[in-house]
Amino acid sequence: MDLLPLQVEHAEEMAAVLSDPALHTFIGGTPDTPQALRSRYQRMTAGSPDPAISWLNWVIRLRGKAGLTGTVQATVSPSGHGPIAEIAWVVGTPWQGRGIATEAARGLVDWLSQQLVHTVIAHIHPEHRASAAVATAAGLTPTDEWPDGEIRWHRSIRR
């Protein structure tokens with residue numbers, strides 16, 4: 001697979017990829033229209049208004065395939081122990097169960113570890129077993145912290 005930097009032009013195709021309401025079972029909300037996703041992607045690609053915070057977003061494309069299948073993202077912020085990255089991923093329903101999210105999340109965590117990120121975290125709904133499996137495969141472990149009803153997963157990057 002390839003992780004391509006997010007572009008506003010991806011909105012139309014990604015709106016179709018992310019159109020299944022089932023993708024919102026654990027995160028809430030409803031699928032975005034292409035126009036709403038275009039507006040969101042414009043904000044995301046413009047970058048964080050806080051210069052200390054980096055928004056890093058990619059779309060997932062399978063090699064040998066023309067279409068996009070999902071996204072991975074990281075928000076990198078300063079902390080007292082070094083940069084911390086909060087990550088997330090989503091793969092469209094037709095492509096789930098093929099290891100795509102696992103490969104993308106592992107690749108993202110590996111890349112972040114080369115960028116001097118000290119800690120990687122993710123927040124996962126306690127009933128979302130597939131995302132828990134992805135987090136485990138990416139080397140994160142659950143903590144006993146539950147912000148906003150989700151389990152905080154954590155991985156320290158050793159230097």
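Which residue forms a salt bridge with Asp-2, and how far apart are the closest N and O atoms? In this predicted model, the partner is Arg-61, with the closest N and O atoms 3.3 Å apart. Asp-2 belongs to strand β1 and Arg-61 to strand β2, so the salt bridge ties together parts that are 59 residues apart in sequence. The two residues meet in the backbone pairing as well, since Arg-61 is the bridge partner of Asp-2 in β2. Arg-61 counts as partly exposed, at 28% relative accessibility.

Asp-2 has a further partner in Arg-63, and here the N to O distance is 3.0 Å. Arg-63 sits in the loop between β2 and β3, so this contact with strand β1 ties together parts that are 61 residues apart in sequence. With a relative accessible area of 60%, Arg-63 is exposed. The count of salt bridges comes to four. Another of them joins Arg-40 to Asp-32, whose closest N and O atoms are 2.5 Å apart. Both of its members are partly exposed, Arg-40 with a relative accessible area of 36% and Asp-32 with one of 26%. Through shared partners, Asp-2, Arg-61 and Arg-63 are joined into one network.

The strands that carry these residues lead into the sheet. Seven strands make up an open sheet with mixed pairing, in the order β1-β2-β3-β4-β5-β7-β6. Its edge strands are β1 and β6 (141–142), each of which pairs on one side only. At the β1 edge, residues 2–5 pair with β2 in the antiparallel sense over four bridges. β2 also runs antiparallel to strand β3 (residues 68–77), to which eight bridges join it; within this pairing, Ser-54 stands opposite Val-76. β2 and β3 form a hairpin with six residues between them, and Gly-64 in the turn has a positive phi of about 80°. Further across, β4 and β5 run parallel and are joined by three bridges, with Ile-121 in β5 as the bridge partner of Glu-86. At the other edge, β6 pairs with strand β7 (residues 151–156) in the antiparallel sense over two bridges, and Thr-141 stands opposite His-154 in β7.

What, then, lies in the largest nonpolar core, and which of its residues touch the most other members? This core has 30 residues, of which Ile-87, Trp-89, Leu-112, Val-120, Leu-140 and Trp-153 touch the most other members. Two or more residues come from each of β2, β3, β4 (84–91), α3, β5, α4 (129–137) and β7. The element that gives the most is α3, with seven residues. A second, separate core of 13 residues includes Leu-6, Met-14, Ala-15 and Tyr-41. Returning to Trp-89, its contacts beyond four places in sequence include Thr-71, Val-72, Ala-101, Ala-105, Ala-122 and Ile-124.

Ile-124 itself is placed in strand β5 (residues 119–124), a strand that is mostly covered, with five of its six residues buried. The relative accessible area of Ile-124 is 5%, so this residue is buried, the cut-off being under 20%. Beyond its neighbours within four places in sequence, Ile-124 is in contact with Trp-89, Ser-131, Ala-132, Ala-135, Glu-150, Ile-151 and Trp-153. By C-alpha positions, Ile-124 and Val-8 are 27 Å apart in space and 116 residues apart in sequence.

One of these contacts, Glu-150, deserves a closer look. Glu-150 lies in the loop between β6 and β7 and is buried yet has no salt bridge. The nearest side chain of opposite charge is that of Arg-152, 11 Å away. Residues that Glu-150 touches, leaving out those up to four places away in sequence, are Phe-26, His-123, Ile-124, His-125, Pro-126 and Glu-145.

Finally, the structure holds one aromatic pair. The ring centres of Trp-58 and Trp-111 are 5.5 Å apart and their planes stand at 75°, so the pair is edge-to-face. Trp-58 lies in strand β2 (residues 54–61) and Trp-111 in helix α3 (residues 100–113), so the pair ties together parts that are 53 residues apart in sequence. Trp-58 counts as buried at 14% relative accessibility, whereas Trp-111, at 34%, counts as partly exposed.

Key. Residues numbered from 1 in each chain as written. Predicted model: local features only at pLDDT ≥ 70, side-chain atom pairs only at ≥ 80, totals over all residues. Heavy atoms only, no water. Phe/Tyr/Trp six-rings, centres within 6.5 Å; stacked < 30°, edge-to-face > 60°. Buried < 20%, exposed > 50% of the residue type's maximum accessible area, 1.4 Å probe, protein only. Pairing = 2+ DSSP bridges. Contact = heavy atoms within 4.5 Å. Lys, Arg positive; Asp, Glu negative; His and termini not counted. Core = buried A, V, L, I, M, F, W, Y, C linked by side-chain atoms within 4.5 Å.
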